[in-house]
Amino acid sequence: MTRPVAVITETAELDPEPGLRLLTEAGFEARLVGSRDPEAIAAAAHDAVALIVGYARVDAALLDRLPALRMLATMSAGVDMIDVREAERRGLWVANLPDAATEDVAVHALAQSLALVRRLPQADALVRGGGWSDDFTEVPRRASELTLGLLGFGRIARTLARIAAPLFGRVVAHDPHATGRPDGVDLVDLDTLIADADVLSLHIPSTPRTQGMIDGPLLTRMRPGALLVNVARGDLVDPGALLTALDEGPLAGAALDVFPTEPPAADDRLRTHPRLLLSPHSAFLTDASLRAYATDPARNVIAWWTTGRPNTPITGPAPDRATTPASATAPRQGAPA
């Protein structure tokens, strides 16, 4: 009997062996392309029923070359590498990993927020430069007197709100899809969020409507001395406008885990600005999340093959189509997202 074929495009820093082993043990012929090149993917997956996707772009042109394909599983919470509408039109399943690194990204955003509030990058530079507390001209504000603002209120933002609430005086959030009255969080309109947030943390997807959303006009509406944290998508923020807001106000600092181009060029001013706290698209990174990213996409494929439905679907053949959850907008940082 011919075994079903499942193909992994590429795994970046992840070890592909656990996923390949699970697929093989479940009766699949498992293949690793090791490339984002559509030509290489089409050649390796021409007879595949399932495709596990890292960073590779999956569009209509590639899907045309994969006639047996029935299932797409991402190695991330985000699905922006896949043309989901086209997959849905063709009746394909698409599944993501909504919770593999929720805690990790939320903790990273909180750590960056508190580092900015406490002026830790400046304090570190001061001591390394031979200075001491007498030379510290920027006095930190007390966190319990500040408002944490969340743009987007999916799984990661909700986790961040829960762990940050005891530290901040107020937590507010804006998300047109959020419902109910979450404990300890005020849901507000966008204008109120921008005006009230002392720390603004981004948790929205990259879409045509949100790309460049954090631009000059929006930044100028923020409070003097406000702080910005981005663990979501690099193209949400206009880099030129961010640098201007850091140089001329109102921003006192910003923390970036994601960038418009990754990695940023060696001469990119984002790398050197003294008011920027940077991390290399690594908010997702823990030993636990790496295990999940290596194995859970394979488990989605196996569940679909054995039960007819993946564990965490985004969409599928009608009438099983599900609405894309907010968690699908939040990336697996650093890894395929």
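**Exercise 1. Find which residue of β7 stands opposite glycine 149, and place the two strands concerned in their unit.**

Solution. In this predicted model, where local features need pLDDT of at least 70, side-chain atom pairs count only at pLDDT 80 or more, and totals for chains, interfaces and linings use all residues, the residue opposite glycine 149 is valine 172 in β7. Residues are numbered from 1 along each chain as its sequence is written, and side-chain values use heavy atoms, with hydrogens and water left out. Next, look at the strands themselves: strand β6 covers residues 147–151 and runs parallel to β7, the two being joined by 5 bridges. (Strands are DSSP runs of E with at least two residues, helices are runs of H or I with at least four, and both are numbered from the N terminus; two strands pair if DSSP finds at least two bridges between them.) Finally, together with helix α7 (residues 155–164), β6 and β7 make a right-handed β-α-β unit, where right-handed says that, with the strands pointing away from the viewer, the path from the first strand over the helix to the second runs clockwise.

**Exercise 2. Work out why strand β7 is described as largely enclosed, and name the bridge partner of alanine 173 in β8.**

Solution. Strand β7 spans residues 170–174, and 4 of its 5 residues are buried, so the strand is largely enclosed by the rest of the structure. (Buried means under 20% relative accessible area, exposed over 50%, and partly exposed in between, with a 1.4 Å probe and protein chains only.) Turning to β8, which holds residues 186–187, this strand pairs with β7 in the parallel sense over 2 bridges, and leucine 187 is the partner of alanine 173.

**Exercise 3. Give the strand order of the open sheet, and say which helices pack on it.**

Solution. The sheet has 7 strands with parallel pairing, in the order β8-β7-β6-β9-β10-β11-β12. At its edges stand β8 and β12 (276–278), each with a single partner strand, so one side of each is left without a neighbour in the sheet. Further in, strand β10 (residues 226–230) is paired in the parallel sense with strand β11 (residues 251–256) over 5 bridges, and leucine 228 stands opposite alanine 254 in β11. Helix α5 (residues 102–117) packs on the sheet and touches β9 (199–202), β10, β11 and β12, its direction making about 155 degrees with that of β10. Helix α7 also packs on the sheet, touching β6, β7 and β9, and its direction makes about 170 degrees with that of β6. (Contact means heavy atoms within 4.5 Å; axes are lines fitted to C-alpha atoms, for helices over the stretch in contact, and angles run from 0 to 180 degrees between N-to-C directions.)

**Exercise 4. List the buried residues of α7, and state what they pack against.**

Solution. The buried residues of α7 are Ile156, Ala157, Thr159, Leu160, Ala161 and Ala164. They pack against α5, β6, β7 and β9.

**Exercise 5. Decide whether glycine 308 is buried, partly exposed or exposed, and find its contacts.**

Solution. Begin with the location, which is the loop between α11 (287–307) and β13 (313–315). Because its relative accessibility is 40%, glycine 308 counts as partly exposed. With neighbours within four places in sequence left aside, glycine 308 is in contact with Trp93 and Ala303. The C-alpha atoms of glycine 308 and tryptophan 93 are separated by 9.8 Å, although the two residues lie 215 residues apart along the chain.
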